[in-house]
Protein chains: 4
Amino acid sequence: MINVGVLGATGAVGQRFVQLLADHPWFSLTTLTASGRSAGRRYADVVDWRLDAPFPDAFGDLVVAPTDPASLRDCDLVFSALPAEIAGEVETACAAAGLAVCTNASSHRMDADVPLVVPEVNPDHLGLIDLQRDGGRDGFIVTNPNCSTIVFTLALKPIAPLGFSDVRVATMQAISGAGFAGVPAMAIYDNVVPFIGGEEEKMETETLKIMGTFDGATVKPAPFQVSASCNRVPVIDGHTMAIWADVTAPVEAVLAAYRSWNPPISGLPTQPEPAVQLFDQPNRPQPRLDRMRGRGMTVSVGRVRPGLRFIALGHNTIRGAAGASILNAELIAQKKFL
Amino acid sequence: MINVGVLGATGAVGQRFVQLLADHPWFSLTTLTASGRSAGRRYADVVDWRLDAPFPDAFGDLVVAPTDPASLRDCDLVFSALPAEIAGEVETACAAAGLAVCTNASSHRMDADVPLVVPEVNPDHLGLIDLQRDGGRDGFIVTNPNCSTIVFTLALKPIAPLGFSDVRVATMQAISGAGFAGVPAMAIYDNVVPFIGGEEEKMETETLKIMGTFDGATVKPAPFQVSASCNRVPVIDGHTMAIWADVTAPVEAVLAAYRSWNPPISGLPTQPEPAVQLFDQPNRPQPRLDRMRGRGMTVSVGRVRPGLRFIALGHNTIRGAAGASILNAELIAQKKFL
Amino acid sequence: MINVGVLGATGAVGQRFVQLLADHPWFSLTTLTASGRSAGRRYADVVDWRLDAPFPDAFGDLVVAPTDPASLRDCDLVFSALPAEIAGEVETACAAAGLAVCTNASSHRMDADVPLVVPEVNPDHLGLIDLQRDGGRDGFIVTNPNCSTIVFTLALKPIAPLGFSDVRVATMQAISGAGFAGVPAMAIYDNVVPFIGGEEEKMETETLKIMGTFDGATVKPAPFQVSASCNRVPVIDGHTMAIWADVTAPVEAVLAAYRSWNPPISGLPTQPEPAVQLFDQPNRPQPRLDRMRGRGMTVSVGRVRPGLRFIALGHNTIRGAAGASILNAELIAQKKFL
Amino acid sequence: MINVGVLGATGAVGQRFVQLLADHPWFSLTTLTASGRSAGRRYADVVDWRLDAPFPDAFGDLVVAPTDPASLRDCDLVFSALPAEIAGEVETACAAAGLAVCTNASSHRMDADVPLVVPEVNPDHLGLIDLQRDGGRDGFIVTNPNCSTIVFTLALKPIAPLGFSDVRVATMQAISGAGFAGVPAMAIYDNVVPFIGGEEEKMETETLKIMGTFDGATVKPAPFQVSASCNRVPVIDGHTMAIWADVTAPVEAVLAAYRSWNPPISGLPTQPEPAVQLFDQPNRPQPRLDRMRGRGMTVSVGRVRPGLRFIALGHNTIRGAAGASILNAELIAQKKFL
């Protein structure tokens, strides 16, 4: 078993990490950190548990540590659920202290020597870890993309061999993506908000890094362009997106590409089966019905129409956040980077 | 005053007609029709009033007539809120009986000699009325487009002079668009349904007719193409849409086009001011906040970004249905077609 | 293993039965029935699966039988998810044909010789089965109460020893209680509907039968009165209720009664632990957070205040419908009534 | 015209005051105050307008003043939309400076010499103003109750002559009652929260003061008791409540009491007609359909059943907040207290 910790374990993403790590076959969760006023107290006493899933009692008695590399001496790997404002510095310090850091925060995603990885899409980018270690240190940082970008790149990957240069995506994103208190009910009930700060830029840049080519030294961005229009809708969990790609192959070839695609990974505990589910029904996928496929890790696609137009859907706080980091960590462990 | 009737006055769209025609300065509502089992009874006794706006008591005592040209001898013009299954035949019969018919139904929209009109977009298409009258009869049919198409064409019209050949639109449509009982709560709550039967086809074909050129004899479809991806979201009223158009002019020119545009109509009681409202705020328009602008008749646009990408919004049951037919009727009256 | 069937397996409650019976340790689901037009076809082909839980593939190839005792020769016990209009007659015929019938329908609930059972509340009422069998036949009918009544009686049972004669309950009921298409989105979104046909009467009469005394021959209704005010709110699953009871014991005694209560059953696979969960937090229970406790079978209570006032909550389609019938069947099997 | 100001004009209640005071026939809105960082800037520049109703352009250019009696020299009367934490002190200072203060804040509601008034219920309590002025000063404070209490007391007033000593009320309250950002969407979507801090206590104490007897010197609390159970539901505006009162008169007498009741005020511009609307339909009132009756000032009651049980409904931010204060101010002006 590999000892792991969670940085920022009391927040919404942190809670999801704790829930998903309970009973993990490879990882033993030994350390939970939080900000100063929670440190030193029992986890059960400081967390305001907000998930539908029941509180994992096994961790209730863990004493919360301050968010600091010194708290993590026990750990081989840490998951970061820190807010972007503090994530960058803390994660760098943890890596410097020799820890493997798998983070959901955006701070280091576009750093040239930091892998931005979706295991089913670009597992080879983990090779960047060796560059981070060139200075002789053991620790390193691996990032997962923004929630929308994860769903989006998984939906694009199986059809990438068909070729496209121009992709448009209109998202309909869930309120949980903004954190527990991020969206007031008065702002979104009976409403659509056609703006999510920074989201379009993230989808447009992160996608090209993930789907880019790693030549052993650097990642060359993918040679297509993405234009995103991001919207918040009154859905609790699950980002839905309407996608256009200038694929000229007929719809049948697109369907065949989805059906025959196999992800380049295997044997990871959190890996869903299938990674990408293709729907034939005309009105699927739908977030309430399909977000929990593959225990929240499967991305669903459907309504493949000429144009090329289709719909993609994924669970934003599992596949798009904590689950993504954990899958990255599993790949790191499997590939012997620890 | 012009005597008018409403065909199918007890349904959701019919109720909206009745509400909007109360106190109309030009039209006097004298006749309400409904299916056989309601005919002969007081309107107040047969209608299950579902609008937020209070029931217009003035019409409560009107005795509902059967949906039949013979019931409408009193009227110069009738509004049709009939379901598509029966609208086509009844409207043809009414026109044959000498009535002007303004209809929200889809049956005759694509007929070669029937105008499909949004007054601010293609008022000249009313010239098709003369072709319908060629046979010597007085009556005629004028249609308004599908709710999404109305909002869409109004949003495109001001920038049409900038030129585009390829337009994509992802809609986020309100549940009221499916009628009162059209969408079960279990189907849409905490959900998105990425399919609305027939909607994409309507947006793709009706748009080209409306924005096409009328040469005095026929309407030549507009020379661009539309690709639509239509979604239902948990919003009561107001269709929001994310639009891409291959306009190469800079954003400033697009904003200027919206700001300087004036619709080619004036003096109509139901005409909103402005017809198209441009928002500068980064997170507008939003359906709950903006759908009732111009008493529900203004279309709002915003988030104009390079790409060209922008957001459009309009009230689907007012601007997109009953209000649209009434505005058509006002234009017909003003242009002396009655 | 006991062979079981589900009557009306394609509807919302029927689907829930099928889902909950997959992998049941005592019951083997061998027969699914539906109305004439579905009979003879594969279950996977005729069911429009609406649950969030994935479709249980094991039953996809079962050929649907007509809803008729002759279809059920294989079965020892059948679950009825039939609509009230036809349930009464069909269930009587099944019992006459020798089948044990566990039904969620209301038709026979108040019949003098039919047990109306919530296993944790009145397991001894199963003794009525012997009366049904007096005529020499093997078959019998056992009913579970209305969804609200199940939650309500479980919440009252632990404090019944403290005594009360006057109970008031205001419910806030989920939309799933009306079936998949029972509540149009336009009727309930941003709304409360303060009326549910027949619901108040059911809570007022069924409660007294369940909490009444069985003397070996008849059930004498409980000697208190219930006054219910039932409301529909925009919640997908989970009925919440505000309850007043004229208990004069102090709050501490009430809390102690809840904490020390043990249900009079044990060893049933579907039985939750605990049957009734007491919350200390001031703002619990809440339907979205707590409805799935005990896999949807636990009833939660909280906010116990002087007055005596408290809140109760339970999952209406699991604890309040299909799960209730299955728990009854388990008790029947355990008590050797089969 | 009477010059008035609004204290705390940028918040949710403050915005509602500004909206309702535009075009008021008696009051001229001359002064808007806000906290330090907004003072000195144009109202249009500092307010984040959140109401569905359009921004009243007439006030856009008003320069916001600091919340301080010195800013209000122009005014005869001020409306307070201040948060409870600062309202008490500021309002006392304003009254000391000679201003009439009509406040929606809770700080002074239970002060012995401060009237807590719902004009249709206890207009005579304004007599307490004279006691406040005994010290020789001109200024005074008049409060309106909590939003739920206003709806509740209006619903009880017409049947008070029938007599009751024990009243229970379960509320289903709208999210707008907590202010714009008061309820995160994640907390209330697909959910009920059975707790609103302080709300039950307010309903239980304020009701007795309002419905108490003023003998010229003090208000003697009404001699009945109230037991409230307050719940938040996913509704934007409109508090619905299920009420029980131990009225022994038959339902017909209760209906007659509602039908024949006339409020003890007349001639006030904001006064709705009727003040209390009785519904006969079995499923009314409903918040989305009925909250805007009487421009949001009418309280609706329905489902009067033996028990005595009934449903009441009112708009919480109009009738229950800003509109209530304005109606109080109109009564004050009419009764020559200014």
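Two strands are taken to pair if DSSP finds at least two bridges between them. The pairings reported below come from a predicted model.

**Sheet of chain C**

In β5(C), the residue C:T103 is the bridge partner of C:S80. The strands concerned are β4 (residues 77-80) and β5 (residues 100-103) of chain C, which run parallel and are joined by 4 bridges. They belong to an open sheet of 6 strands, whose order in chain C is β3-β2-β1-β4-β5-β6 and whose pairing is parallel. At its edges lie β3 (65-66) and β6 (140-143) of chain C, each of which pairs on one side only. Helix α3 (residues 84-96) of chain C packs on this sheet, where it touches β1 (2-7), β4, β5 and β6 of chain C. The direction of helix α3 makes about 155° with that of β5(C).

**Strands of chain D**

In chain D, strand β2 (residues 27-34) takes part in two pairings, set out in the table with one facing pair of residues for each.

| Strands paired | Sense | Bridges | Facing residues |
|---|---|---|---|
| β1 (residues 2-7) and β2(D) of chain D | parallel | 5 bridges | D:I2 opposite D:F27 |
| β2(D) and β3 (residues 65-66) of chain D | parallel | 2 bridges | D:T33 opposite D:A65 |

Is strand β2 of chain D mostly covered or mostly open? Of its 8 residues, 6 are buried, and the strand is thus described as mostly covered. Strand β2(D) also belongs to a right-handed β-α-β unit, together with β1(D) and helix α1 (residues 12-21) of chain D.

**Relation between chains A and C**

A turn of 180° with a shift of 0.0 Å along the axis lays chain A on chain C with an RMSD of 0.0 Å. The two copies are therefore related as by a two-fold rotation axis. The same surface serves both copies, since 100% of the contact residues of chain A recur in chain C. Which residue of chain A comes closest to the rotation axis? That residue is A:D190, whose C-alpha lies at 3.7 Å from the axis.

**Contact between chains A and B**

The contact between these chains takes 28 residues from chain B and 28 residues from chain A. On the side of chain B that touches chain A, at least two residues each are supplied by β7 (166-173), β10 (225-232), β11 (239-245), α9 (287-290) and β14 (309-314) of chain B. By class, this side of chain B has 15 nonpolar, 8 polar and 5 charged residues.

Technical notes
Residues are numbered from 1 along each chain as its sequence is written. Chains are lettered from A and ligands numbered from 1 in the order in which they are written. This is a predicted model: local features need pLDDT of at least 70, side-chain atom pairs count only at pLDDT 80 or more; totals for chains, interfaces and linings use all residues. Copies are superposed by least squares on the C-alpha atoms of residues with pLDDT of at least 70 in both. Two residues are in contact if their C-beta atoms, placed from the backbone, lie within 7 Å. Ala, Val, Leu, Ile, Met, Phe, Trp, Tyr, Cys and Pro count as nonpolar, Asp, Glu, Lys and Arg as charged, and the others, Gly among them, as polar. Axes are lines fitted to C-alpha atoms, for helices over the stretch in contact, and angles run from 0 to 180 degrees between N-to-C directions. A residue is buried if 20 or more other C-beta atoms lie within 10 Å of its own, exposed if 12 or fewer, and partly exposed in between; C-beta atoms are placed from the backbone. A crossover is right-handed if, with the strands pointing away from the viewer, the path from the first strand over the helix to the second runs clockwise.
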